[in-house]
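Work through the exercises below with the sequence and coordinates open. Each task is followed by a solution in steps.

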Amino acid sequence: MERLHWVRHRCRQLLEGNSGRGWYSAADGLPNKSSLDAHSSPQRVSGKRRTVCARHGPHQQEYEAVSKSYQGNAIRTTKYSLLTFIPMNLFQQFHRSANLYFLFLVLLNWVPVVEAFQKEIAMIPLLVVLVVIAFKDALEDYRRYLFDKKVNNNVVRVFSGKQKAYIDQRWKDVRVGDFVRLSCNEIIPADMLLLYSSDPRGVCYIETANLDGETNLKQRQVVSDLPLQGEEFSLESFHCRVECENPNDDLGRFRGYMEHPGGLRVGLHNNNLLLRSCTVRNTETVVGMVVYAGHETKAMMNNSGPRYKRSQLEKHLNTDILWCVLLLIIMCLTAAIGHGLWLNNLKDPLFQVDTETSPGLAGFYVFWTMIIVLQVLIPISLYVSIEIVKLGQIYFIHNDLALYNKQLDSRIQCRALNITEDLGQIQYLFSDKTGTLTENKMVFRRCSIYGVEYPHEENARRLEVYEAEKSEEAGRSVTLKSGCSGKSLSCRSLSCQRSSVSLHTLAAESEEEEEQLSNPIHPRTNAFCSRVAKEVVPDPELVRKLNWFCSPELALSDGSSGTPSSLELTYITDFFLALAICNSVVVSSPSQPRHVVPEARTPLKSLEDFKLMFQRLSFSPFAALSTLSPPQMKGSPVSFTRRLFARGKTGSFTPTNSTTDGSEPGRESNLEPPDPRRKLDLSSRAEGGDAGQTEHRDTEDEDAKTNPDGARQDAEGDPIREADRESDTNEELLYEAESPDEAALVHAAQAYRCTLRGRSAEGLLVDLPGIGSLAVQLLHILPFDSNRKKMSVVVRHPLTGHVVVYTKGADSVIMDLAETPKGAEQAQEIYSHIREQTQIHLDGYAREGLRTLCIAKKIVEEEEYEAWLKGQLLAESSIENREELLLESAQRLETNLTLLGTTGIVDRLQEEVPETIEALQRAGIKVWILTGDKKETAINIAYACKLLCPNDQLLTASCGSKDACAVLLEELKVEVQRSEASLTEPTAAGNHGESSSGGVAGFVLVIDGRTLEWALQEELKSHFLELSQGCKAVICCRSTPLQKSQVVRLVRDQLGVMTLAVGDGANDVSMIQVADVGIGISGQEGMQAVMSSDFAISRFKHLSKLLLVHGHLCYSRLANMILYFIYKNVMYVNLLFWYQFFCGFSGGVMTNAWVLILFNLLFTSVPPLIYGVLDQHMPADTLMELPELYQAVQTSKVYVPYVFWITVLDAFYQSLVCFFVPYFALAGSSVGVLSFGSPINASALLIILLHQVIESHTLTWIHALVLVLSGASYFGFVLLFGVFCVTCSPPTNPVGVETLEMSQPLFYIVCALTTVTALLPRLLFRALCNTLRPAAALTSAQTDRVDSERYRKKMQRWNLSHSKANKLPVCADNPGLEPGTDSVES
Amino acid sequence: MMASSYNAKEEDGPNSGASNNGGAGVVKSKKPDNTAFKQQRLPAWQPILTAGTVLPAFFVIGLIFIPIGIGLFVSSNNIKEFEIDYTGVDLNNPCYNCAKNFSWNSTTPCLCSVPFTLEQPFESNVFMYYGLSNFYQNHRRYVKSRDDSQLNGDQSALKNPSKECEPYRTSEGQPIAPCGAIANSLFNDTLELYYIDSNGTKNTIPLVKKGIAWWTDKHVKFRNPGGNNNLTVAFQGTSKPVNWRKPVYELDPSDPENNGFINEDFIVWMRTAALPTFRKLYRIIQKKSSTTPTLPSGKYILDITYNYPVLSFDGRKRMILSTISWMGGKNPFLGIAYITVGSICFFLGVVLLIIHHKYDTRNNSPDIPN
């Protein structure tokens, strides 16, 4: 395929001599190596490099030499040009075997001895098909052409060597090596290396929504060590040369180095690359050098065409087509042999035209003639018809109101156009959990720090209240997304002087802005920070502890029972600091550019004091414990004693405090805080005076946007209100996180006044309770990685100056890495205590269905850090194996972590998920959940969504070795079989496997990732499959994306069933691609899943309608239509075949050739299409109410071999009737060939049309209209043809035949008899079927309600038993295994 | 109609956003229209065919078909038809010798006369047919072997007949008119009918040779080149078909309206028969007066000029006399078929009625909710 692709490109290249608009700028025709490689295998190029140097720089010759082979920036996504359209399109179309067959027939017809029809008539079917498809292609291509033109003619400012200035150029004239200057909100024309940014820190923000649908801003960094940064540098003197890899399609990878004139090499990576079709945001000016242009950009290389999948039904159809071919060959052979024998017995007949040919040869010729005559038996037009019908079906799916999500204003997206009927055949459904079953709106629920659990009862209550309100609020809480993006755009443009539009848009939108005020959610962030997510009600206990920082009085009560130890306080602070900074969240406020980080203002003046103090006090009680090992001492947790904070507070903030409410702390601290937030305000207020700039900015948002000055006065004039306001505006900081749980954690930290205020490449600005704004020097971010399953930040602690690593990650990983420090016993005790407690809490969280993340930290020695840094830099600058090196480097750092605590994040189920799952199970679909979550979480979710019923039996497969796994699978299998046997005996009903609903307890297999790894291996997979077949559901937890796809592939290939995979995130992509039908949920996590899916829906609940109604209908429609099509062709073709018995098997026909060809192509082609698009054999409501009906389709009862043969037999019968009734009526009379054919044709038409009336389940006015028009078109055509075609269409000249025939009563008598007799059996069959065997599913429809009481009891029982079972050796974790095989947090 | 709006997204590729940079345009909801058509809720008739619903149809069909069948049967029976085989296979057939000694080249026509007796008088107009059996006029190559343009009087086609006519396209360097195998094998027996009255005299029965071809054929499809006058000139430079004894313009020298291509015998022959056993209208015996039958019962003699060989391919030649009714010639099949099908329908109706009473009542209750 790849090869072919290339050949096509090559053809095009050769066809277009003019390189002006060509694909390749290589006009000299040399097949340049790089582009060839890029097209044939993008993967192979890692060894090859490309060199780029400045176009107008000093190395002109080198530029010429190097860049000659690089593509220009003009793009052409069109497949054809005006000249090449016809040959190319024909070439494409003749890839279809059907068209080739057609062509073969046409050519065959040119052989004189074989010729059946006139040459032009035989071409009509082919021409019609070709023209229809070509027209469609041309239209699509024209749209693409217009689009390309528009894109190519966009204007951008490019540096011109002659004029030494930036001049406007069109996109298509941009070349590799050009310097391009972009302003805010401009779209990047090509892949460029970022050389200059107006941002003083050399960063630039881009929005990649055009590329991957993700709307959060990505930060890009100017190439480091550029001497020119900071001023508009002189481009003429740009001497650097860039070496980078050849164009490839990996969006997340760019490797190379820049060589400075001095020979210094600077590593380049993805962070330096501005990708084509992204948008520059929040940065005034950006200059970049083009490295990849046009089709070599990553964006274009990722632009693959629409998906093509072959549906199951089509494969099935092909076998039937083969039967048709066989039938055709038999018929032709019969004719050939018959003709030979017939000719053999003739001696010198008068009517013999050709007397020389021997009977054998004549028979051979007749064989081919018959192939042409009976060509309609192979339903060529069927393929075209199926395509059209599928378009129609997709039109209806696309327009279904039930699949429309009002909140997101999104319909279902049908990305694959030809597998609609596969939706009706799904037997296995593989679902991701997070974001698919759940909302993926993460809300901080509870946490555990220092081994102490903070249940956050208030928070829980609030969530419940929200849950109740949700339904009514749903309508208005989220505004239309398209509207938002438009607005946020204008918001952003405030910062860009260039965008002149912004003011106008702002004015125009002010009204809307007002409305926004009443709406608590800022639209821009609704993705990750819904109101619930943002508002976390702090736990009173935790707040109390935190307040020790703030109140000096507490010093007195040190040691009392409620007092947290200083160590615990340290933990708490560190915990929240980690929550706030250990992420990749981008901060902005609604009124401001999203990224803007207030310049690292000089922190508090007294910070130095803090540090001093801290150094002194760091020999805290805990530190003293670890005196045995001095390095460890330094590494011990930083302790913020309350005294320190008390001092710091009084020392530095007195003025502020006194002006506001200095007396309050003492008073309030004694109270059980009724308003914790109020108290916490202290700290932020303290910061207020210093951080005026921030405040000003913050207060600006919302209404202030239109009137910033007023707001300012307001803010300054009323300190108390200001404080309140600030607490409000704090929440209005917008966090844009890559994953929703990050946002949830940041918001949680914010609720405890530990607010992330801003971020830049080198630093973070964080508010800490009791301290105020701190600039944290950010040394490194080790981003999240599905192999490591954790992310870390390396910062220089603002207070201690230590290098601290904060790590956040999946509990399994962190718990393994969190080690008890050697040394002091007491410390060890505390540590192990914390670990134990945290583990208990973790298990509890998981049982509640919470997502857990562990937070840990590590203090790194300077020397150690230096050593690590070297390795890291090396890894970063390496071109080859960079990923591996980085991973290794990260793993080197993330060891010996100190566990701080854990968080529990709740992710609510989407609405109607249980109902949907239940319906799907009743429909006979086996639902598997494949998730990266923990077992407990997964099981809990499975219960919540009724995948598990109360009386189901859980089988847990979790073992540490392959042998154990084999034994376990065997055991479980035996158990399942035994239970099945015991079940089937008393009930004597063998349908246990089928009964998914009802009182029968099913088995549910829970298997974890590690065990899955074994189970998927060659020797065990059959056992695993057998076991899973005995279970009604399977839950795979802790599974990696790869495993997900492996499981799907295993089930699909080994069981030969139809699989559907549904997921929302990048980790589901492989699974979605492997499954027969991939469904993406356009949710919170970008667009990767949607991009790779066949259908994209917005809610899980849409699945039920999509499958049960649309899938069912589409399948039965298409299956029925195909059967009808085959019936129609067999029936009509047989008429011609029977005639052969009366014309000496000579291949004669009794019809005019035009009518013969058009009969299939025109007169009877539209009704099947309507039938295939509109037929509804059951109303949609019934299908939704009785999912059991889906099973009938699922086991493909509609389209099974015997139905095919019944159809063929019926067609034979009908054709016999249709031929022999007129035959006997006219035998021996003076009837002519055409007069004989006339009643046969007419009655065949009537039979075929009425047959459809009998077969179709609904008849609307459209059906009626089409049927009438079809009939009328036939009669109209033959009548007019018979009047006006005097000498045309020799030899079967129809002049006067039909007019004469239709004036005779005999014609009608024959037609009536024929039609009635032919349709009688079918009518009787249908009537008897419907009477004697009413739809089996209707009678079996029983709705059974799940007893909620029993469910709860069962749940409790399970929880109990499971916590015990966890300790069983067979399930014991084996922590020594490689982490890479483990799960991924989605 | 259907494919217009489904793919807003997928075809634009990754840089689709380039076009929509930030206009605060009218927010158009993507909500699908709630119309009956788009939501597939069009009012529909759902023909759920059960015994109850179809049995009236069966009864109705039965009730309609049986009377029609009886009518057809009766009218078919009223048709008088007489058929005589004059091929001359048997020794005692008068035409045996003619058949035996046939040769295309013989210049003297072979004559034979077949006597026969009509038991019943033929009342209305009588149609005289010649019938051929085992003559495959519908053979694919045979059917094609003609040139409609030439027959339509086209001058160029006259001089240069279509290739389809091969091998009867040219003869001795001259184009054949009319070309092709059909014309070449024109039936050229001459039939004459005599009534032997009671006193033994031979009365010629007048046979009308016009009006036997279709009106459209005679007036539209077949035309002589250059009008009907002076056919000899018009056909100059053409050759007669090889099997013909005389050129086309001498088919009926007596009547210029029936000569050349528009000779009705020729036209009738040129309309190829659908089946290997067929009859073709030869002459019409018109009713003379209302009192006397057209053909009274009695003895007749059929005089045949035996020119047409069929024995070589086991063919048969017949002469048929028939009256016709509104439904054409004598054919009992249709009547019987109608009665049979009608009876079957009626019977099935009864069966369905029983089934309906036994089963259908139960099925009515859990009807599909709509």
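**Disulfides of chain B**

Counting bonded cysteines along chain B, the disulfides follow the pattern 1-4, 2-3, 5-6. The model is predicted, and the structure holds 3 disulfides over all chains.

**Exercise 1.** Find the partner of B:C95 and describe the link.

Solution.
- Step 1. The sulfur of B:C95 is bonded to that of B:C112, with an S to S distance of 1.9 Å. The cut-off for a disulfide is 2.5 Å.
- Step 2. The angle about the S-S bond is 85°, and the link of B:C95 and B:C112 is right-handed.
- Step 3. B:C95 sits in the loop between β1 (81–85) and α2 (96–100) of chain B, while B:C112 belongs to strand β2 (residues 110–118), so the bond ties together parts 17 residues apart in sequence.
- Step 4. B:C95 is buried at 0% relative accessibility, and B:C112 is buried at 7%.

**Exercise 2.** Determine the handedness of the disulfide of B:C98 and B:C110, and state where its two cysteines lie.

Solution.
- Step 1. The sulfur atoms of B:C98 and B:C110 are 1.7 Å apart, and the two residues form a disulfide.
- Step 2. The torsion about this S-S bond is about -85°, so the disulfide is left-handed.
- Step 3. B:C98 is in helix α2 of chain B and B:C110 in strand β2 of chain B; the pair links distant parts of the chain, 12 residues apart.
- Step 4. B:C98 has a relative accessible area of 4% and is buried. B:C110, at 26%, counts as partly exposed.

**Exercise 3.** Place B:C165 and B:C179 in the fold of chain B.

Solution.
- Step 1. A disulfide joins B:C165 to B:C179, with S to S 1.9 Å.
- Step 2. B:C165 lies in the loop between α5 (155–159) and β4 (170–171) of chain B, and B:C179 in the loop between β5 (174–175) and α6 (181–184), so parts 14 residues apart in sequence are tied together.
- Step 3. Both B:C165 and B:C179 are buried.

**Cysteines without a bond**

**Exercise 4.** Why does A:C1036 form no bond with A:C1037, and what is the case for B:C345?

Solution.
- Step 1. The closest cysteine sulfur to that of A:C1036 is in A:C1037, and a bond is ruled out because the distance is 7.5 Å.
- Step 2. For B:C345 the closest cysteine sulfur is in A:C1218, 17 Å away, which is also too far for a bond.
- Step 3. A:C1036 is buried at 0% relative accessibility, and B:C345 is buried with a relative accessible area of 0%.

**Helices of chain A**

**Exercise 5.** Check the length of helix α10 (residues 359–373) of chain A against its expected span, then find what covers its buried residues.

Solution.
- Step 1. The 15 residues of α10, at 1.5 Å a residue, should span 21 Å. The expected span uses one less than the number of residues.
- Step 2. The end C-alpha atoms are 20 Å apart, which agrees.
- Step 3. The buried residues of α10(A) include A:A362, A:G363, A:V366 and A:F367.
- Step 4. Their cover includes α5 (97–109), α9 and α40 (1102–1140) of chain A, together with α3 (140–144) of chain B.

**Exercise 6.** Which helix of chain A gives the most to the nonpolar patch?

Solution.
- Step 1. The surface patch of about 390 Å² is made by A:W323, A:L326, A:I330 and A:W1205.
- Step 2. Helix α9 (residues 312–344) gives the most, with 3 residues.
- Step 3. A:W323 has its place in helix α9, and A:W323 is partly exposed, with a relative accessible area of 41%.

Notes. Residues are numbered from 1 along each chain as its sequence is written. Chains are lettered from A and ligands numbered from 1 in the order in which they are written. This is a predicted model: local features need pLDDT of at least 70, side-chain atom pairs count only at pLDDT 80 or more; totals for chains, interfaces and linings use all residues. Side-chain values use heavy atoms; hydrogens and water are left out. Patches are made of residues with over 30% relative accessible area and no salt bridge: like charges are joined within 9 Å, nonpolar side chains (Val, Leu, Ile, Met, Phe, Trp, Tyr) within 5 Å. Accessible areas come from the Shrake-Rupley method with a 1.4 Å probe; for residues, only the protein chains shown count as cover. A salt bridge is a side-chain nitrogen of Lys or Arg within 4 Å of a carboxyl oxygen of Asp or Glu. Helices (H or I, at least four residues) and strands (E, at least two) are DSSP runs, numbered from the N terminus. Buried means under 20% relative accessible area, exposed over 50%, partly exposed in between (1.4 Å probe, protein chains only). Contact means heavy atoms within 4.5 Å.
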